[in-house]
Amino acid sequence: MNKKQNTAISKVSVNMLFILLCLVTLFPLFCLVLASLKPSTELLRFGLNMKLDVHVMSFKNYAYLFQGGSIYFEWFKNSLLLLVISTALTLFFSSMVGYGLAVYSFKGKNVLFLLVLFIMMVPLEIMMLPLFKMTVALKIVDSYTGVILPFIVAPVAVFFFRQYALGLPKALLESARVDGCTEFGIFLRIMMPLMKPAFGAMAILQAMGSWNNFLWPLIVLRSKEMFTLPIGFASLLSPYGNNYDLLISGAVLAVIPIIIIFLFFQKYFISGLTSGGIKG
Amino acid sequence: MKVVHSNTQPVMLSEEKKRSWLSGLLYSRKVAPYVFVAPFIISFLVFFAYPLVQTFVMSFQEVLPGETTFVGLENYRKLNNQTFYTALLNTVQYTFWTLVVLIPIPLVLAVLLNSRMTRFKNIFKSALFIPVLTSTIIAGIVFRLIFGDMSSAFMNSFLIKLGLKPELWLSSEGTGMFVMVLLASWRWLGVNMLYFLAGLQNISNDLYEAADIDGASTFQKFFHITLPSLKPVTVYVLTISIVGGFRMFEESYVFWQNYSPGDIGLTLVGYIYQQGLAYNNMGLGAAIGIVLLMIILIVSVISLKLSGSFKEEH
């Protein structure tokens, strides 16, 4: 009886703990939405408080976004464009490399794989200055080529695709060869479709990375019309007070699509993000 | 893996003779692997190896538009200044605190979530995962609002209600660090928890059943079965957290951009950015980069060594 009571109490407290934690976690998002409904003058004067004053709150900030002349949707479009192109290219090249490393045995294979692991450990930030000089020399500064090209092969994705490709049925490979398929044809027509789940997970990971990417685009992109959302938002920040009316409603519109997509494709998000170290 | 030399080989050979040189290439099993890995080799050489070597070279140079001069160790000597030490200290502190928060707490939460005690597992998992979907910039904007300086801003009004004094959160060292660590913890707690959850799935139930038969307590099971079994995951999370901590930039940029009062938000990467791109002092920036690289390599080798993961072959 006593033991039963004990487990009941711990059950309740553990669940309460998680409920509380979830509320705390979701609180900043609630704040974001709340702030987007308040006039920026009030935010500047009083900061964000929890007062739900219906007389002051309105959708004016959103209306302001949609009225012509705001650069916000330009940034949104840029972010979206970059996301699509960079995700598609990165997935294609990374899957190719990962597949090559998994399926064939050839000289230098182990060295290449170690290099993949090594790159995963060395952050880009260390060499961003020469990399920036290079983009200047190649005349790809302030262009999306400059943002995408240096990272077109993502080591994390190569690693993941390699792990996945190790489990592909080798018998298919042989029978396709007998049928006269080229090696690349085998990859494109037979193996790629088999790697669909890996593509799902990596697509989400890369797309999220691109959507939230900050430092490198901040360095490469120079003109306002080329900015992506995070860079655009950051350009509106200043130590002395911010252009809140565009910033906050814009932030809400940038976050909500991802959360909706997440709720639909949770499995892919989670396997993509936790894939790195755990056997695929 | 082994390439299977099956009896299809002779057929392939005789066919291959008929084909042109190009299609011979397409079918060749000797050439194909190199075609597949070529994108990696090229991008590694051009966008990794070359810039890495350049960083090293640059750290011994004074780089001015149109001319570079070799200055020996001058840039490294210049690192002996207060700003650099502030940046280094901030980065180490930030990394330390994120490790303190983002390893034990997600681990315990994962164990609790995995236990039979918790209901609504998927809802909890999703809710805790959502923060990482927001960019650091957007999350930082919200944190700036919550931690605003006015006494009417949320956090301060909360402090006042508790009978405490309001803070100028982003103006002093301790509170600035606190808000940065909080921002990172908010975003990554759920993800780290998922790593540990994934690790927990790999522990065989038999171990726990055997322990139950031996009459082990919940705590004994946690310390003698769960923790040791989670070691590989813990090492992984530890390593990526260390690297993540040392490369921190955004969490500080969103609060102060390039200049924080008294450099309370200056990190090593922020210092590279400031020197290299804002002051056009690329040589010094590169030297900071090399120091950062050394730190990251040493710290991750130590953490891998201490955890004994060099012994296990992966």
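The lining of the largest cavity in this predicted model comprises four nonpolar and seven polar residues, with no charged ones. The volume of the largest cavity is about 80 Å³. Its lining consists of B:Phe249, B:Ser252, B:Tyr253, B:Gln257, B:Asn258, B:Tyr259, B:Ser260, B:Gly265, B:Leu266, B:Thr267 and B:Gly270. Three cavities of 30 Å³ or more were found in a search of the whole structure.

For the second largest cavity, the computed volume is about 60 Å³. Chain A contributes A:Trp211, A:Asn212, A:Leu229, A:Pro230, A:Phe233, A:Ala254, A:Val255 and A:Ile258 to its lining, and chain B contributes B:Leu133, B:Thr134, B:Ser135 and B:Ile138. Two or more lining residues come from each of α11 (196–212), α13 (229–236) and α14 (244–264) of chain A. By class, nine residues of this lining are nonpolar and three are polar, and none is charged.

Among the pockets, the second largest encloses about 1200 Å³ of space. Its lining counts 26 residues, of which B:Ser115, B:Arg116, B:Met117, B:Thr218 and B:Lys221 are the closest to the pocket centre. Both chains supply elements to this lining: α1 (2–36) of chain A, and α6 (104–114), α10 (173–201), α11 (205–213) and α12 (218–229) of chain B, each provide at least two residues. The lining of the second largest pocket includes six charged residues, alongside 11 nonpolar and nine polar ones.

In chain B, the unreviewed UniProt entry places the feature "transmembrane region" at residues 31–53, 94–115, 127–148, 168–189, 230–249 and 284–304. Two of these spans were examined for secondary structure. Residues 127–148 of chain B are 64% helix and 0% strand, with the end C-alpha atoms 25 Å apart. For residues 168–189 of chain B, the helix content is 77% and the strand content 0%, and 26 Å separates the end C-alpha atoms.

No disulfides are present in any chain. Two cysteines of chain A, A:Cys22 and A:Cys31, were considered in this respect. The closest cysteine sulfur to that of A:Cys22 belongs to A:Cys31 and lies 16 Å away, so the separation is too far for a bond. The sulfur of A:Cys31 likewise has its closest cysteine sulfur in A:Cys22, at 16 Å, and is therefore too far from it for a bond. A:Cys22 counts as buried, at 7% relative accessibility, and A:Cys31 is buried with a relative accessible area of 0%.

Terms used:
Residues numbered from 1 in each chain as written. Chains lettered and ligands numbered in written order. Predicted model: local features only at pLDDT ≥ 70, side-chain atom pairs only at ≥ 80, totals over all residues. Heavy atoms only, no water. UniProt positions renumbered as here; feature names shortened; annotations may be inferred. Helix = DSSP H or I, 4+ residues; strand = E, 2+ residues; numbered from the N terminus. 1 Å grid on protein atoms, 1.4 Å probe; cavity = no way out; pocket = protein on both sides within 12 Å on 5 of 7 lines; lining within 4 Å. Points joined across faces, edges and corners; volume = space filled by probe spheres on them. Nonpolar A, V, L, I, M, F, W, Y, C, P; charged D, E, K, R; others polar. Disulfide = S-S within 2.5 Å. Buried < 20%, exposed > 50% of the residue type's maximum accessible area, 1.4 Å probe, protein only.
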